[in-house]
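Q: Here is a structure I'd like to go through with you. Could you take a close look at one part of it and show me how that part sits in the whole?

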Amino acid sequence: MGVNGREVFVQPKRATIYEVADHAGVSHQTVSRYVRGDGGFRPATAARVEAAIRALNYRPNLTARSMRTRRTGRLAVVLPAAASHLPLRLLGAVSLAAHEEGFTVDLVGTEGGAAERAARATELADSGEVEGVLVLASLGDEPLPPTAAPVVGVADYDDQMRSLGALADGTACGEVVRQLRALGHRSLLHVAGPQSWASARNRRESFLTTVAELGLRGTVVEGDWSARSGFEAVQALPEGTDVTAVVAANDMVAMGAVRGGLERGWRVPQDLSVFGWDDEEAGRFSTPALSTVAVDRERQGREAVRRLVALLRGCEPPAPDTTSLHTVIPRESTGPAPAHRRR
């Protein structure tokens, strides 16, 4: 199911003991005794119950059985074990939202790809040890079987926990270019992130598309998310360059670009405007304060937990927030293009 450009999976509701009983034409107590292996059934009755169990793919609800005596109070969060980095802001929001609902969170790393994550999520959901499972990466194209506890998957991350979908949307980069155009900038430099990241590719594409649409001059330099790449890109600009603004792949690159300009004797933003991405705390308190694009990763975590908790409590999941996860925030590092360098 797609939600605001994000792929969200919710597994189907499993069959209940009452549905099995209705299908077999017996009481639910009879089904319960058959599942427990009590014996003493007529062959025809046992055959009908067994046929109903197979037809409905019924499995005893271990979580419900456990919750009759006690709640586990635990949610499992499954993510790739081989991730190159952890989405700490997302995980922090997941933990806080879970605690507000009365749950603790267990992080579970899984080796392999989507199939292995799906198998692990199914195992956890049927273990009776957790009340719900949240998966922060793709579960593949095959639907999960009905499980004792609900499973919610948010496929906005790949096997390395790199952003996909709405998180990787680059549309805001076009808005940055338009804001710079309104400030009089005509020649812009984009220091891109590694193109193995969907987010970096999308920002680069949005930059080039918008520059062409507005009739501006745009140059792209490949970077690596580091401050050094921003510094070196600005230092490498030729003498007499007409570039008056830098659109950086992230805030670290942007801070490097600021330093690169200062070491060339350029003032920021009087001679060079710089825009970052991610709204890192360091950028807010730098001098000048960094213009940036904020990404609401916390919202994803909150929404996922609320959906999961609603499902395990048998409630209708809340409607998702369909507004963009990205917000353009101009600050002190951007200003009008210098008249003496416009061409």
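A: Let's start from the outside: the accessible surface of the protein comes to about 15900 Å², and 52% of that belongs to carbon and sulfur atoms (areas are from the Shrake-Rupley method with a 1.4 Å probe, and for residues only the protein chains shown count as cover). Bear in mind that this is a predicted model, where local features need pLDDT of at least 70 and side-chain atom pairs count only at pLDDT 80 or more, while totals for chains, interfaces and linings use all residues. Residues are numbered from 1 along each chain as its sequence is written, and side-chain values use heavy atoms, with hydrogens and water left out.

There are twelve helices and twelve strands here (DSSP runs numbered from the N terminus, H or I of at least four residues for helices and E of at least two for strands). The radius of gyration is 27 Å, well over the 20 Å the globule rule gives for 343 residues, so the protein is more spread out than a compact globule (the radius is taken over C-alpha atoms, and the rule is 2.2 Å times the number of residues to the power 0.38). Along the principal axes, the C-alpha trace spans about 95 × 35 × 30 Å.

Now the close-up: strand β3, residues 74–80. Six of its seven residues are buried, so β3 is largely enclosed by the rest of the structure (buried is under 20% relative accessible area, exposed over 50%, partly exposed in between, with a 1.4 Å probe and protein chains only). β3 has parallel partners: seven bridges join it to β4, residues 104–110, and four join it to β5, residues 132–135 (strands pair if DSSP finds at least two bridges between them). P80 stands opposite T110 in β4, and V78 faces V135 in β5.

How does the chain get from β3 to β4? It crosses through α5, and this β-α-β crossover is right-handed (with the strands pointing away from the viewer, the path from the first strand over the helix to the second runs clockwise).

Helix α5 covers residues 88–100, and V94 is in it. At 3% relative accessibility, V94 counts as buried. Leaving aside residues up to four places away in sequence, V94 touches V77, V105, L134, G301 and V305 (contact means heavy atoms within 4.5 Å). V305 is 211 residues away from V94 along the chain, yet their C-alpha atoms are separated by 6.3 Å.
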